[in-house]
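Colleague: I have some questions about side-chain pairs and strand order. Can we go through them one at a time?

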Amino acid sequence: MAARGHVLALLVLLALAGEAAAGGGRHPHSHRHRHGRKSARLRLIPSAPGASLADRARDDRHRHAYIRSTLASRRRAAEVGASAFAMPLSSGAYTGTGQYFVRFRVGTPAQPFVLVADTGSDLTWVKCRGAAGSPPDAQPPAREFRPAASKSWAPIACSSDTCTSYVPFSLANCSTPASPCAYDYRYKDGSAARGVVGTDSATIALSGSGNGVGADGSRRAKLQGVVLGCTASYDGQSFQSSDGVLSLGNSNISFASRAAARFGGRFSYCLVDHLAPRNATSYLTFGPGPEDGPASAPAAPEQTPLLLDRRMSPFYAVTVDTVYVAGEALDIPADVWDVDKSGGAILDSGTSLTILATPAYKAVVSALSEQLAGLPRVTMDPFEYCYNWTAGAPEIPELEVHFAGSARLQPPAKSYVIDAAPGVKCIGVQEGAWPGVSVIGNILQQEHLWEFDLRDRWLRFKHTRCAQ
């Protein structure tokens with residue numbers, strides 16, 4: 001087909017040259033439109049005037065096969081773009097941590113890992129050995145990513161825009177432009193991860209059926225170009241129990257942003273009870289979540305604007321209007337919830353206990369403790385208000401958080417008056433600095449389905465059991 005096109009083009013040029021010569025150099029068939037613009041009329045000459053109908057039919061069949069193949073591949077791509085994929089999600093309580101773990105497969109062939117699901121992280125990383133820049137005496141973890149064993153691993157250069165502009169805590173040392181992009185990622189809890197960055201493919205399980213069906217009835221697919229940190233050394237308790245971090249933050253290089261951009265512009269998760277056993281799982285979903293299915297609950301989810309503010313990046317911020325305890329609105333200064341006044345509130349799956357800026361903290365614990373004043377107090381770090389629950393089981397006052405747009409979060413009592421030890425319950429919030437941001441932790445989020453609509457900038461949520 002390409003050869004036939006070249007012949008046609010050549011004949012057209014020869015025809016133009018001949019006509020130009022015959023016309024004394026004038027443009028072939030040139031004429032003026034009413035508005036004075038010149039145009040040229042080109043004569044199409046058959047490339048093979050003597051071709052039989054059989055020859056033309058053969059050529060047409062070849063072209064039709066090409067058209068069919070092209071459209072089929074585009075339909076498959078559109079199918080993938082409109083589908084969803086899910087990753088099993090479970091509480092890390094069995095390891096003694098307050099994190100939630102997700103199962104993640106990366107590399108070619110795929111290597112399985114258990115990562116912390118973290119909406120406050122913009123870099124996905126796994127423990128590994130053998131990457132450029134790794135210390136030769138580094139102790140290998142129980143599960144390790146082996147870049148040399150992955151056909152799809154590609155290191156990112158330290159001179160690249162990705163490294164210099166988007167990789168958090170990237171190091172300035174860049175001996176040559178092709179040297180690997182190195183990082184020293186520091187978390188607010190004092191933990192850290194150090195290594196080099198590259199890209200690789202993640203294996204995902206698409207919903208539906210078709211080619212590449214896995215044992216669980218889902219289609220397997222590759223999500224290409226995932227920015228991945230290869231961590232050679234790390235510090236932090238939660239990293240002792242996991243293989244790394246899955247970045248769900250608001251960032252150009254986070255897994256959440258890359259995956260959501262291809263799957264409907266949104267992702268969702270449902271956190272089981274933080275004390276649930278290891279086999280109690282729910283899902284982290286990209287694309288349409290379970291609430292979109294025909295078996296969904298009749299109640300519509302609550303909805304509030306999602307603030308994708310650069311000043312809060314990589315965290316997801318929301319606007320709190322009012323907090324209620326036992327039906328009474330608490331007197332909390334509006335500045336506490338205002339990003340422009342050095343306040344604001346974020347949701348963070350990587351923080352266990354909810355942290356409230358001092359004015360909000362004092363108002364909430366004062367109102368709750370007043371309702372629980374009849375119980376004997378117990379001292380237990382890190383909480384200020386703990387009670388001996390064996391002395392009686394009073395009714396716990398209701399806590400409500402009202403967000404912008406009239407959305408209401410009504411967490412179960414166990415999410416804010418939590419079990420701290422046998423027979424002991426504590427008011428499960430901590431005091432944060434003011435000025436400063438307040439953090440809605442994963443315990444307050446438990447047993448709710450949370451959907452982050454990054455495309456339309458909405459946060460949706462509703463109460464559900466979560467466990468599959």
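Modeller: Start with Arg465, which counts as exposed at 61% relative accessibility. Keep in mind that this is a predicted model.

Colleague: Which residue forms a salt bridge with Arg465, and is that residue buried or exposed?

Modeller: Arg465 sits in the segment after strand S29 (458-463). Its partner lies 18 residues away, in the loop between helix H7 (442-445) and strand S28 (448-453). The closest N and O atoms are 3.9 Å apart, and a salt bridge needs them within 4 Å. The partner has a relative accessible area of 5%, under the 20% limit, so the residue is buried: Glu447.

Colleague: How far apart along the chain are Arg143 and Asp243?

Modeller: The two form a salt bridge, with the closest N and O atoms 2.6 Å apart. Arg143 is partly exposed at 37%, while Asp243 is buried at 5%. Arg143 belongs to the loop between strand S6 (124-127) and strand S7 (154-155); Asp243 belongs to the loop between helix H4 (237-240) and strand S11 (244-247). The pair links distant parts of the chain, at a separation of 100 residues.

Colleague: How many salt bridges does the structure hold?

Modeller: Some residues are linked in a network: Asp184, Arg186, Arg194 and Asp235. Another salt bridge joins Lys425 to Asp419, with the closest N and O atoms 2.6 Å apart. The structure's total is 15.

Colleague: In the pair Lys425 and Asp419, which residue is buried?

Modeller: Asp419 has a relative accessible area of 45%, so this residue is partly exposed. The value of 15% falls under the 20% limit, so the buried residue is Lys425.

Colleague: What is the strand order in the open sheet of four strands?

Modeller: The edge strands are S20 (377-380) and S24 (417-421), each pairing on one side only. Three bridges join S20 to S21 (residues 383-388), and these two run antiparallel. Across that pairing, Arg377 stands opposite Tyr387. With antiparallel pairing, the order is S20-S21-S25-S24.

Colleague: Which helix lies across S21 and S25?

Modeller: The strand S25 covers 424-427. The helix spans residues 358-371 and runs at about 10 degrees to S21. The name is H6.

Colleague: What percentage of the residues of the protein chain count as buried?

Modeller: The chain has seven helices and 29 strands. Helix H5 (residues 255-262) has buried residues including Phe255 and Ala259. Of the 468 residues in the chain, the buried share is 46%.

Note on methods. Residues numbered from 1 in each chain as written. Predicted model: local features only at pLDDT ≥ 70, side-chain atom pairs only at ≥ 80, totals over all residues. Heavy atoms only, no water. Pairing = 2+ DSSP bridges. Contact = heavy atoms within 4.5 Å. Axes fitted to C-alpha atoms, helices over the stretch in contact; angles between N-to-C directions. Buried < 20%, exposed > 50% of the residue type's maximum accessible area, 1.4 Å probe, protein only. Salt bridge = Lys/Arg side-chain N within 4 Å of Asp/Glu carboxyl O.
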